[in-house]
Amino acid sequence: AIPGVPKIVDGYNPATWMLDVSSTAAETQMDVDFADIYANSNLYRQNQELIKQLSTPAPGYEDLYFPTQYSQSFLTQCKACFWKQNWSYWRNSQYNAIRFLMTIVIGVMFGVVFWDKGQKLATQQDLQNMLGAAYAAVLFLGATNASAVQTVVAIERTVFYRERAAGMYSELPYAFAQ
């Protein structure tokens with residue numbers, strides 16, 4: 001209805017036509033300012049009146065009140081997060097297969113390292129060797145588990161940010177589930 005704006009051609013996508021017509025380049029070419037036209041239109045005045053009408057509370061209206069920040073209890077949040085994490089890991093078969101294989105390989109490797117060490121604790125050097133091997137086992141297992149889980153946690157972190165922003169659960173139940 002605005003003079004100077006070309007009509008849509010039959011068969012042309014209406015969304016594409018609207019984007020083409022309302023672009024800054026098209027506004028400059030047609031010498032039209034759609035924001036100014038809308039601000040001076042009857043539709044704008046009707047919308048402002050509707051906003052004012054809907055912003056006024058009805059008689060006897062009471063403000064909404066929520067006793068807690070989250071709709072569910074801490075225990076229910078924990079159960080939901082555990083359930084979600086269970087399915088998340090269960091559906092990631094490649095991750096589970098690699099972790100299973102790594103557990104077997106590391107178990108065999110450290111089984112060989114500790115083979116028959118319990119029988120050889122006669123000297124202080126034997127005890128030092130055993131403690132060094134135990135330290136290496138703990139350090140190695142921790143590092144490999146942490147590096148394997150990083151990819152999954154990186155993906156889950158974005159999901160957590162979205163769900164926390166929506167008010168679904170707090171950080172603590174999510175951390176317990178992880």
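Which residues does the UniProt annotation "domain: ABC-2 type transporter transmembrane" cover? The record, an unreviewed entry, gives residues 76-178. Select them first. This is a predicted model.

**The annotated domain**

Residues 76-178 are 83% helix and 0% strand. Pick the C-alpha atoms at the two ends of this stretch: they lie 16 Å apart.

**Confidence**

Now colour by pLDDT. The chain mean is 87, and 100% of the residues reach 70 or more. Go to helix 4, residues 42-55: its mean pLDDT of 94 is the highest among the elements of the chain. Helix 7 has the lowest, at 84. Keep helix 7 on screen for the next stops.

**Helix 6 against helix 7**

Select helix 6 (residues 93-113) and helix 7 (residues 124-165). Two packed helices are described by the angle between their axes and the distance between them. Here the angle is about 170 degrees and the axes are 12 Å apart. Angles over 145 degrees count as roughly antiparallel, so helix 6 and helix 7 are roughly antiparallel to each other.

Show the side chains at this contact. From helix 6, take Tyr95, Arg99, Ile106, Met109, Phe110 and Val113. The helix 7 residues they meet include Ala133, Ala137, Phe140, Leu141, Thr144, Asn145 and Val152. By class, the contact of helix 6 with helix 7 has 13 nonpolar residues, two polar and one charged.

**The annotated transmembrane regions**

Next, select residues 97-115 and 135-155. UniProt, in an unreviewed entry, places the feature "transmembrane region" at both stretches. Residues 97-115 are 89% helix and 0% strand, with end C-alpha atoms 27 Å apart. Residues 135-155 are 100% helix and 0% strand, and their end C-alpha atoms are 31 Å apart.

**Helix 5 against helix 7**

Last stop: add helix 5, residues 74-90. How do the axes of helix 5 and helix 7 cross? They come within 12 Å and cross at roughly 140 degrees. Helix 5 and helix 7 are therefore oblique to each other. Their crossing is right-handed.

Show Lys84, Gln85, Ser88 and Tyr89 in helix 5. Opposite them in helix 7, display Val149, Val152, Glu156, Val159 and Glu163. The contact of helix 5 with helix 7 divides into four nonpolar, two polar and three charged residues.

Key
Residues are numbered from 1 along each chain as its sequence is written. This is a predicted model: local features need pLDDT of at least 70, side-chain atom pairs count only at pLDDT 80 or more; totals for chains, interfaces and linings use all residues. Side-chain values use heavy atoms; hydrogens and water are left out. UniProt positions are given in the numbering used here, feature names are shortened, and annotations may be inferred rather than shown by experiment. Helices (H or I, at least four residues) and strands (E, at least two) are DSSP runs, numbered from the N terminus. Axes are lines fitted to C-alpha atoms, for helices over the stretch in contact, and angles run from 0 to 180 degrees between N-to-C directions. Angles under 35 degrees count as roughly parallel, over 145 as roughly antiparallel, 65 to 115 as roughly perpendicular and the rest as oblique. Contact means heavy atoms within 4.5 Å. Ala, Val, Leu, Ile, Met, Phe, Trp, Tyr, Cys and Pro count as nonpolar, Asp, Glu, Lys and Arg as charged, and the others, Gly among them, as polar. A crossing is left-handed if the near helix is turned anticlockwise from the far one by less than a right angle, and right-handed if clockwise. pLDDT is the predictor's confidence in each residue, from 0 to 100.
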